[in-house]
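Student: Could you walk me through one part of this model up close, and then show me how it ties in with what surrounds it? I'd like the cut-offs along the way.

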Amino acid sequence: MVTIVGVRFKKAGKIYYFSPGDLKVAAGDGCIVETARGVEYGEVVIAPKEVPESEVVQPLKQVLRSANQEDYERLELNRTRAEEAFQIALAKVGEHKLPMKLLEAEYTLDDSKLIFSFTAEGRVDFRELVKDLAAIFRTRIELRQVGVRDEAKILGGLGCCGRSLCCSTFLGEFAPVSIKMAKEQNLSLNPAKISGVCGRLMCCLKYESQVYEDNRQAFGTCCKGKQMMVDEFYHETEEESDYYDDLLKEDSIKEVDYQMMVETVEIEKNMRQGAGDKPPKRTRPKKKRKPKATGEKREVKKEQKPSQGKPEGEGAPKKRRRPRRRKPKPKPENKGE
């Protein structure tokens, strides 16, 4: 095990491991360390802790000292000088007509190097530019070409969610993002909707990718007629043999539907009778609704059948039965006489 501290040189930069040695530092303290670019100021973001040797890149450099007031004043002065150097470098790029875009300028803490970051579509021959800048600033000049993602990280901006870009806020490193992640999350494959301000796929597609992958392994996919398997999440319920029997019964639903149909027919019938319309000529529903009344009417009809062979004078009341409104219906006693 090795004792390390995590140091970050920019707001959302990469975290590098250094050995604290005998220094007592805590998270949030400033420190001075030696890097490949020279002596630089960094901020401790990971307090001293022990990690396996496999996680440390050898050789592990040591923190030189804690930052003091002079270091903070020197840091502010270098930032002001870097802004002036950036404006001068912009003018020189315009003079040489180079196809490049300057992004920022940065001095190291000991003024041993001036670093310019830029973007370009291809390779740029900036040898003459370096000579002019070295003659002006009297220090070592380094031009560093970065990609479009690093450009968005340096310049910053707002994403489609309305918040500051993740890369310029908290992302220390860029994770690889593929179009497969958007397909697995059922997102629109329109490039305008899944691309960030840098023109590449949004980094936030990576955030939930592992969750979707775990759910797909646990639940399966329901596409192409495949059934979802969720046995491992419901051991207790599936052990009960009759757990799903009650859920699959539909008898109660059918009974409720039939009762509602009967009530609807009765309501329609009452509405028709109230409006004066003739009831529909249906014999079966009449038996269920009014069995007594229908029975009496049919008995009367059976008694009237033998009167069909009588003379026309006695059978006259049968013909007058049709116009009910003009003449009342004769009583069955008179027919017998």
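Tutor: Let's start with Ser117, which is buried at a relative accessible area of 1%; buried means under 20%, exposed over 50% and partly exposed in between, using a 1.4 Å probe and protein chains only. Before going on, some housekeeping: this is a predicted model, where local features need pLDDT of at least 70 and side-chain atom pairs count only at pLDDT 80 or more, while totals for chains, interfaces and linings use all residues. Residues are numbered from 1 along each chain as its sequence is written, and side-chain values use heavy atoms, with hydrogens and water left out.

Ser117 sits in strand β7. Helices (H or I, at least four residues) and strands (E, at least two) are DSSP runs, numbered from the N terminus. The side chain of Ser117 makes a polar contact of 3.0 Å with the side chain of Arg144. A polar contact is a pair of N or O atoms within 3.5 Å; within protein, one must be able to donate a hydrogen and the other to accept it, and residues adjacent in sequence count only if both atoms are side-chain atoms. If you skip neighbours within four places in sequence, Ser117 is in contact (heavy atoms within 4.5 Å) with Lys101, Leu102, Leu103, Glu104, Arg144 and Ile154.

Strand β7 also brings us to helix α1, since β7 (113-119) is among the elements that the buried residues of α1 pack against. The other elements on that list are β3 (30-35), β4 (38-51), β5 (65-66), β6 (101-107) and α2 (127-137). Helix α1 covers residues 69-96, 28 of them, and reaches 41 Å from its first C-alpha to its last, close to the 40 Å expected; the expected span is 1.5 Å times one less than the number of residues. Which residues of α1 are buried? They are Asp71, Leu75, Asn78, Ala82, Ala85, Phe86, Ala89, Lys92 and Val93. As background for reading that list, an α-helix has 3.6 residues a turn, so residues three or four places apart point the same way.

Now the two ends of α1. At the N-terminal end, Asn68 acts as the cap, with a side-chain oxygen 3.3 Å from the backbone nitrogen of Glu70. Just past the other end, Lys97 takes a positive phi of about 55°, although Lys97 is not a glycine. Lys97 belongs to the loop between α1 and β6 and is exposed, at 72% relative accessible area. Most residues other than glycine have a negative phi, and most peptide bonds are trans. Asn186 is another non-glycine with a positive phi of about 55°, and it is exposed too, at 70% relative accessibility. As for peptide bonds, a cis one joins Gln58 and Pro59, with omega about 0°; Pro59 is in the loop between β4 and β5.

The α1 and α2 neighbourhood gives you a pair to check too. Glu128 is found in helix α2 and is partly exposed at 47%. Glu128 and Lys92 are 36 residues apart in sequence, yet their C-alpha atoms are 9.9 Å apart in space.

On to the rings. Rings of Phe, Tyr and Trp (its six-membered ring) pair if their centres lie within 6.5 Å; planes under 30 degrees apart count as stacked, over 60 as edge-to-face and the rest as tilted. By this rule there are five aromatic pairs. In one of them, the rings of Phe9 and Phe18 have centres 6.3 Å apart and planes at 85°, so the pair is edge-to-face. Another edge-to-face pair is Tyr41 and Tyr72, at 5.6 Å centre to centre with 70° between the planes. That pair links distant parts of the chain, with Tyr41 in strand β4 and Tyr72 in helix α1, 31 residues apart. Tyr72 is partly exposed, at 33% relative accessibility.

One last ring item: Arg81 lies over the face of Tyr107, at 4.4 Å from the ring centre. A charge sits over a ring if NZ of Lys or CZ of Arg is within 6 Å of the ring centre and within 35 degrees of the ring normal.
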